[in-house]
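Please look over the fold shown here before reading on. The report below goes through it part by part.

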Amino acid sequence: MHPGLKTVIELQQLDAQIAEFSAQIELLPQEVQSLETQLHEFIHAHEERKQRLAKNQKERKESEAEIQTIRARITKHKDQLYEVKTNEQYKAMLKEIEGEEAKVRAFEDRILEKMLEAEDLEEHIRDAAARLDSEKARVAAEVQKLQALRQEDVEKRNELQVRRDADAASIEPQLLSLYERLRRGKRGLAVAEVRDGMCTACNVMLRPQLFNEIRANESVVTCEQCGRILHFTEPPTDAPEAAGDQLASS
Ligand SMILES: [Zn+2]
């Protein structure tokens, strides 16, 4: 095989591998970010519940204080009942007491509601507090694992890059610039295989004379349709004909 042709085939394989590693390497900061966001949200939800619980307890204390104040007023009104002079005053005072007692019941209902809410919050807070350290450890371990993987990818990519640079330096500058130009223009596919007399990149049928030239793999030939560098690989020996023969004989 033409040495330059052999090299551009290898260059294309190396470039594809390098691009794959680069894509993985570039994806990593995003993955780390997403893990850190998970942890941040977990901590944020935990802190928010603690704040809600503190507020809940404050509101319960306020309601309890309100009840005490109202009860003191009720006691005072009940004492005043003995001092009223008229029936109307007596009735008005009773109504006043009823109103105050309704307020007490309303505050008692609110306290009950707050107690139920507090139970729920306390349960969540206990659960999150128990998980917080393990969540932090999990995220730290995953971030570390990702960074180690990234380091591996960077090293592998560097090794490939060294081989790539050596290959690029070993071929004629003209062939290298043709390869580079095609690689940029044809989305990474500068070299295409010929199969069944066709260019596998653009599916155009090659002229027999051109096909014979490519089949020899002894010169750099480009596709007349898409411009890619063409090469030929002998099809595997256990081709469909062999399978067909077997079917026919059985
Ligand atoms: Zn083509």
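## Terms and model

Helices and strands here are DSSP runs, numbered from the N terminus; a helix has at least four residues and a strand at least two. By that numbering, D196 sits in the loop between strand 1 and strand 2. This is a predicted model.

## Helix 1

Helix 1 covers residues 3–80, a run of 78 residues. At 1.5 Å a residue, a span of 116 Å is expected. The end C-alpha atoms lie 115 Å apart, so the two values agree. The helix has a bend of about 30° at L28. A proline, P29, follows within four residues.

I67 belongs to helix 1. Its relative accessibility is 6%, and buried means under 20%, so I67 counts as buried. I67 is 147 residues from I214 in sequence. In space, the C-alpha atoms of I67 and I214 are 98 Å apart.

## Helix 2 and the loop before it

V84 is in the loop between helix 1 and helix 2. Its relative accessibility is 23%, which makes V84 partly exposed. V84 and E159 are 75 residues apart along the chain. Their C-alpha atoms are separated by 102 Å.

Helix 2 runs over residues 87–170 and has 84 residues. From first C-alpha to last, helix 2 reaches 118 Å. That is close to the 124 Å expected at 1.5 Å a residue. Helix 2 also has a kink of about 40°, centred on L132.

L94 is part of helix 2. With 35% relative accessibility, L94 is partly exposed. How far is L94 from H77, C-alpha to C-alpha? The separation is 8.3 Å, with their positions 17 residues apart along the chain.

## The nonpolar core

The largest nonpolar core has 14 residues. Those with the most contacts inside this core are V8, L11, I171, L175, Y179, V191 and I229. Two elements, helix 1 and helix 3 (173–185), give two or more residues to the core. Helix 3 provides the largest share, five residues.

Where does this core lie relative to domain 1 and domain 2? Domain 1 spans 7–170 and domain 2 spans 173–240. Both give residues to the core, so the core lies between them.

## The zinc site

Which protein atoms are donors to the zinc ion? They are the SG atoms of C199, C202, C223 and C226. These donors lie 2.3 to 2.4 Å from the zinc ion. The angles among the four donor atoms are 103 to 115°. Four donors count as tetrahedral if all angles lie between 85 and 135 degrees, so this site is tetrahedral.

Along the chain, the donors follow the spacing C-x2-C-x20-C-x2-C. C202 and C223 link distant parts of the chain, 21 residues apart. C202 is in the loop between strand 2 (198–199) and helix 4 (208–216). C223 is in the loop between strand 3 (221–222) and strand 4 (229–232).

Is each of these two cysteines buried or exposed? C202 has a relative accessible area of 27%, so C202 is partly exposed. C223 has 3% relative accessibility, so C223 counts as buried.

## Two residues with positive phi

Most residues other than glycine have a negative phi. R187 has a positive phi, near 50°, and is not a glycine. R187 lies in the loop between helix 3 and strand 1 (191–195). Its relative accessibility is 84%, so R187 counts as exposed.

D196 is also not a glycine, and its phi is positive at about 50°. As noted at the start, D196 is in the loop between strand 1 and strand 2. The relative accessible area of D196 is 64%. Exposed means over 50%, so D196 is exposed.

Key: Residues are numbered from 1 along each chain as its sequence is written. This is a predicted model: local features need pLDDT of at least 70, side-chain atom pairs count only at pLDDT 80 or more; totals for chains, interfaces and linings use all residues. Side-chain values use heavy atoms; hydrogens and water are left out. Donors are N, O and S atoms within 2.8 Å of the metal (3.2 Å for Na, K and Ca); water is not among the atoms, so sites may look incomplete. Four donors count as tetrahedral if all angles lie between 85 and 135 degrees; four count as square planar and six as octahedral if opposite donors are over 155 degrees apart and all others between 65 and 115; anything else is irregular. Buried means under 20% relative accessible area, exposed over 50%, partly exposed in between (1.4 Å probe, protein chains only). The expected span of a helix is 1.5 Å times one less than its number of residues. The bend at a residue is the angle between axes fitted to the seven residues ending there and the seven starting there. A nonpolar core is a set of buried Ala, Val, Leu, Ile, Met, Phe, Trp, Tyr and Cys residues joined through side-chain atoms within 4.5 Å. Domain bounds come from an automatic or database domain assignment.
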